[in-house]
Amino acid sequence: MDIQEQLEGTKVVLKKYHATFELAQKLYDLTIENKEHLLRWMNWAVPLVSGRVEDEFAFLKICEEDWKNKSHFEFGIYEKETGEIVGGIGLIKLSPSCDKKAEIGYWLVKKACKKGYMQEAVQLVEKFAFDLGYNRLVIRNEVSNAASRHVAERLGYVFEGVERQGHFCLAHKQFADINVFSKLRSEYEKGA
Ligand SMILES: CC(C)(COP(=O)(O)OP(=O)(O)OC[C@H]1O[C@@H](n2cnc3c(N)ncnc32)[C@H](O)[C@@H]1OP(=O)(O)O)[C@@H](O)C(=O)NCCC(=O)NCCS
């Protein structure tokens, strides 16, 4: 089956990350501009804000390689109205062979929040994943990340429980409890 490199919604378009210096610069600049908004929740942003654009470029190269190996699918989130990139979303931690499970991770720049972009982006990645044959999708977020929790709940993900100290928060330099949400293929097919 062909792997779709672009997923089209009504508000956003998701496009596979390509390792270009221009995209690396754009993502680097967005991270710096949104550091107050992102640092608290996204561990990758912590080294990046004190790093260099080359670090982001190296990440994009890894994403391209991972895509080729089908081990991780990362997309940029583009606002349809402006064509601007406003965030990222990835299908990560893939177990394609037997368990057929994967996790969805995401972020938006501050000015793109509260417009319904993430709910749409997650739905697009969800369809992408179930079309690829996955059976279980997971969304994990820190227990204090109300915005991310809201995305999972609004889309019908089932709260499974708390993974105690399941994450080390680099911004706070301490372990944090993690909510685990999931959606199964059977729930997706029923329109959960
Ligand atoms: C987590 C994060 C992506 C959530 O973003 P968000 O903007 O709250 O989520 P959405 O884009 O889905 O927006 C949904 C909300 O937009 C608002 N909204 C405003 N106008 C809207 C419109 N025309 N259509 C739909 N929703 C609209 C609503 O409040 C809606 O919530 P509702 O469905 O309960 O009505 C964002 O807060 C973020 O990137 N945070 C920093 C990084 C992070 O925490 N990442 C996750 C780590 S686990």
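# Notebook: ligand shell, core and strands

**Ligand first.** I started with what sits around the ligand: the shell holds 20 residues, and Trp41, Cys113, Gly116, Met118 and Ala147 come nearest. Note to self: this is a predicted model.

Next I looked up which elements supply that shell. Helix H2 (35-38), strand E5 (101-108), helix H5 (117-131) and helix H6 (146-154) each put in at least two residues. H6 has the largest share, with four residues. I also checked the chemistry of the shell: 11 of its residues are nonpolar, six are polar and three are charged.

**The whole chain.** I stepped back for the overall picture. I find seven helices and eight strands in the protein chain. Its radius of gyration comes out at 16 Å, close to the 16 Å that the globule rule gives for 192 residues, so the chain is as compact as a globular protein of that length. Along the principal axes, the C-alpha atoms fill a box of roughly 45 × 40 × 30 Å. I noted that 29% of the 192 residues count as buried. I then took the contacts between residues at least 6 apart in sequence: 56% of them join residues at least 24 apart.

**The core.** Which residues have the most contacts inside the largest nonpolar core? I got Ile77 and Ala121, in a core of 42 residues. H5 gives the most to this core, with seven residues. H5 also turned up above, as one of the elements supplying the ligand shell.

I followed Ala121 further. Leaving out neighbours within four places in sequence, I see Ala121 in contact with Val12, Leu14, Ile77, Ile89 and Tyr106. Ile77, the other residue with the most contacts inside the core, is on that list.

**Leu27.** This one I picked from helix H1 (residues 21-33). Buried or exposed? Leu27 counts as buried, because it has 21 C-beta neighbours inside 10 Å and the cut-off for buried is 20 or more. I also checked its distance to Gly76: the two are 49 residues apart in sequence, yet 9.3 Å apart in space, C-alpha to C-alpha.

**Strands E1, E2 and E3.** I went through the pairing from the N-terminal end. Strand E1 (residues 6-8) and strand E2 (residues 12-16) are antiparallel, with three bridges. The two form a hairpin, and I find three residues between them. E2 also pairs with strand E3 (residues 73-79), again in the antiparallel sense, over five bridges.

Lys15 was a handy marker here. In E2, Lys15 is the bridge partner of Gln6. Lys15 also stands opposite Gly76 in E3, and Gly76 is the residue I had just paired with Leu27 for the distance check.

**Strand E5 and its partners.** I wanted to know how covered E5 is, since it also feeds the ligand shell. Six of its eight residues are buried, which makes E5 mostly covered. On one count, E5 pairs with strand E4 (residues 85-95), antiparallel, over seven bridges. Gly87 has Leu108 in E5 as its bridge partner. On another, E5 runs parallel to strand E6 (residues 136-142), joined by three bridges. There I see Ala102 opposite Leu137 in E6.

The E4 and E5 hairpin has five residues between the strands, and in that hairpin Lys100 takes a positive phi near 55 degrees.

**Other positive phi values.** Lys100 sent me looking for more residues of this kind.

- Lys93 has a positive phi of about 45 degrees although it is not a glycine. I place Lys93 in strand E4. How many C-beta neighbours does it have inside 10 Å? There are 14, so Lys93 counts as partly exposed.
- Gln165 is another non-glycine residue with a positive phi, near 50 degrees. I find Gln165 in strand E7 (residues 158-169). With 11 C-beta neighbours inside 10 Å, Gln165 counts as exposed, because the cut-off for exposed is 12 or fewer.

Note on methods
Residues are numbered from 1 along each chain as its sequence is written. This is a predicted model: local features need pLDDT of at least 70, side-chain atom pairs count only at pLDDT 80 or more; totals for chains, interfaces and linings use all residues. A residue is near a molecule or strand if its C-beta atom, placed from the backbone, lies within 6 Å of it. Ala, Val, Leu, Ile, Met, Phe, Trp, Tyr, Cys and Pro count as nonpolar, Asp, Glu, Lys and Arg as charged, and the others, Gly among them, as polar. A nonpolar core is a set of buried Ala, Val, Leu, Ile, Met, Phe, Trp, Tyr and Cys residues joined through C-beta atoms within 7 Å. Two residues are in contact if their C-beta atoms, placed from the backbone, lie within 7 Å. Two strands pair if DSSP finds at least two bridges between them. The radius of gyration is taken over C-alpha atoms; the globule rule is 2.2 Å times the number of residues to the power 0.38.
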